[in-house]
Amino acid sequence: MTYSIVTEGLVKRFGQTRALDGIDLAVRTGSVFGLLGPNGAGKTTAVRILATLVRPDGGHATVCGHDVVRHAHQVRQLTGLTGQYASVDETLTGTENLALIGRLTGQSRPAARSRARDLLAAFRLTDAADRAVKTYSGGMRRRLDLAASLVSRPRVLYLDEPTTGLDPRSRNEMWEVVRGLTATGVTVLLTTQYLEEADLLAGEIAVIDHGTVIATGTPEELKARTGALTLAVRPARPADLPAVRAVAAGFTRTEPEVRGTTVTVPVAGEDVMPAMVRRLDDAGIAVAELTLRGSTLDEVFLSLTGRRTEEESAEQELEGSAA
Amino acid sequence: MTAENTVLDITVLDNTGEAGAEALAPRVGLITGLRQTFSLSWRTLVQIKHNPFELMDFSVQPVMFLLLFTYVFGGAIGGSPEAYLMFALPGIIVQNSLFTTLNTATGLSTDLEKGFFDRLRSLPIARFAPLSGRILADLAKQAWAIALLLGIGVILGFRVGTGPLGVLAAAALVLVCTLAVSWALVLVGMLAANPEKVQIFGFVVLFPLTFTSDAFVPTTSMPGWLQAWSKANPVSVFSDAVRGLLVSGPVARPVVESLLWAAAFTVVFAPLAVRAFRRRV
């Protein structure tokens with residue numbers, strides 16, 4: 001078993017805040033590794049260290065055996081970076097952007113041109129090849145940005161929140177593209193705020209919060225631990241809420257949560273649904289609404305840490321003060 | 001074959017190809033670094049093709065300054081527009097070159113803000129290439145503006161008092177001096193939060209610096225304290241040198257002083273700029 005990316009005790013401080021507080025990761029060669037966490041968890045900092053853009057304050061990291069600090073130049077020859085913000089030159093055309101990177105990485109002029117043409121075709125940008133990037137849609141820019149990070153034929157690819165801010169259709173397109181890459185042997189480190197995205201693309205996931213890894217495993221392991229699904233029950237009579245809560249508590253180790261007139265509880269699989277219906281029926285509780293849906297990152301956090309992500313709690317405070 | 005499959009083909013091929021050649025370059029050679037500099041300056045210059053307004057910045061603006069100064073202020077300051085032109089053209093060339101260094105700073109600042117620098121820094125290229133590429137491109141624009149100002153100046157009645165060598169020496173001196181000043185502007189570009197802040201710096205520092213020199217007017221009518229300042233002002237030194245090389249008057253002293261100023265700017269600001277560039281994340 002070989003690992004393309006290994007980090008040990010990675011620490012990065014910005015002033016008083018510890019953006020990374022001892023991160024250990026091991027990413028298998030040829031796999032897609034998902035770094036899942038809320039805004040400000042340290043995902044981007046980790047990627048920037050691994051892409052040699054930021055120096056760590058402690059610990060160390062290697063990419064294909066090369067230290068990111070001492071052998072930064074070697075690491076740069078092996079890696080490609082697609083950032084959260086499309087980092088292409090808006091005033092240049094798609095072809096020019098890709099050809100420029102080809103030239104910078106040592107390709108001859110004809111080779112850079114033909115590589116640009118191939119990549120544009122592969123990312124369905126041929127029609128826009130000779131248009132300035134500033135006329136591109138958000139999804140097109142992301143695809144061009146991803147193409148740009150593939151020009152130099154990286155063995156390790158960092159995708160920093162590749163779908164944040166995209167509409168659902170562009171997001172699906174991006175997922176297709178990333179899945180296409182995974183079959184090629186490229187090692188991908190993907191950061192995301194979306195559980196669904198990590199579940200769909202990654203073979204292994206590390207959940208990070210406040211600069212530390214709080215859980216790792218395959219999506220299945222993680223879902224089994226945290227409850228990948230959320231069951232929500234709204235009784236017809238609000239007076240039944242405590243009874244519903246008691247029934248729901250029998251399905252999980254996590255405390256069920258009451259929000260308004262609905263009880264939610266994380267569950268591991270679909271099979272709890274009929275059992276839940278039976279128990280509610282036995283208890284004589286009339287149900288107005290019963291739903292089973294995929295958990296959000298926030299709900300995973302709740303079951304892992306016992307608290308919500310900060311963004312969510314801030315939102316709730318706002319909602320509370322509004323009401 | 002679907003689009004994704006095409007990506008597969010490309011990447012698989014390249015990956016296997018590379019796996020054999022495990023040897024990675026430990027650093028970027030100087031020649032390679034220079035080639036990357038040229039690629040990046042091409043990138044800055046080709047932008048003009050897509051954004052013709054940028055052409056205005058370094059073509060229309062200097063010509064406008066030249067016409068305004070010659071025909072609006074010329075008679076009042078120099079007796080006649082033609083007489084004033086002989087005095088002011090060298091100063092206008094210096095002024096334009098200094099103002100153009102702002103483009104270096106705003107360009108760098110824009111690249112930082114838009115994340116394009118992250119892309120460049122993640123590539124295995126010479127660390128100095130993004131900076132030197134930008135500076136080289138801006139020097140090319142400077143050379144063009146100098147030629148344009150001289151050409152139109154001659155049409156308007158400017159006469160070179162020295163010779164072709166003097167003209168070449170003047171152009172070279174302007175380029176050397178603005179290159180030196182560029183380092184200060186690179187520092188500004190690195191420290192400024194956004195390109196707009198760079199523009200503010202231009203108005204607060206470059207504008208008064210240029211106008212309190214003898215670039216546009218003889219200093220004899222200025223109050224004594226301002227004359228003293230104007231004498232020390234490097235813009236005056238640059239203007240005197242270019243005047244000497246293009247028209248007449250002392251050459252040796254202002255040229256040497258200009259080169260000393262250029263050396264001082266480089267020694268002070270180049271290390272600061274490079275350090276700020278390395279630190280800027």
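What share of the 281 residues in chain B is buried? The answer is 40%, in a model that is predicted. The legends below take chain B, its contacts with chain A, and the domains of chain A in turn.

**View 1. Chain B is built from helices, with zero strands.** If you count along the chain, you get 11 helices. Read from the N terminus, the elements of chain B go α-α-α-α-α-α-α-α-α-α-α. The C-alpha atoms of chain B take up a box of roughly 75 × 40 × 35 Å along the principal axes.

**View 2. Inside chain B, distant stretches of sequence come into contact.** Take the contacts in chain B with a separation of 6 or more: 78% of them pair residues that sit 24 or more positions apart. As for burial, 40% of the residues in chain B count as buried.

**View 3. Chain B meets chain A.** On one side there are 34 residues of chain B, and they are in contact with 42 residues of chain A. Helix 1 (3-20), helix 2 (30-50) and helix 5 (116-122) of chain B each put at least two residues into the side that touches chain A. Helix 1 of chain B gives the largest share, with 11 residues. Sorted by type, the residues on this side of chain B come out as 15 nonpolar, 10 polar and nine charged.

**View 4. Chain A is assigned two domains.** Domain 1 of chain A covers 3-223, and domain 2 of chain A covers 226-322. Going by C-alpha atoms, the centres of domain 1 and domain 2 of chain A are 35 Å apart.

Methods. Residues are numbered from 1 along each chain as its sequence is written. Chains are lettered from A and ligands numbered from 1 in the order in which they are written. This is a predicted model: local features need pLDDT of at least 70, side-chain atom pairs count only at pLDDT 80 or more; totals for chains, interfaces and linings use all residues. Two residues are in contact if their C-beta atoms, placed from the backbone, lie within 7 Å. Helices (H or I, at least four residues) and strands (E, at least two) are DSSP runs, numbered from the N terminus. Ala, Val, Leu, Ile, Met, Phe, Trp, Tyr, Cys and Pro count as nonpolar, Asp, Glu, Lys and Arg as charged, and the others, Gly among them, as polar. A residue is buried if 20 or more other C-beta atoms lie within 10 Å of its own, exposed if 12 or fewer, and partly exposed in between; C-beta atoms are placed from the backbone. Domain bounds come from an automatic or database domain assignment.
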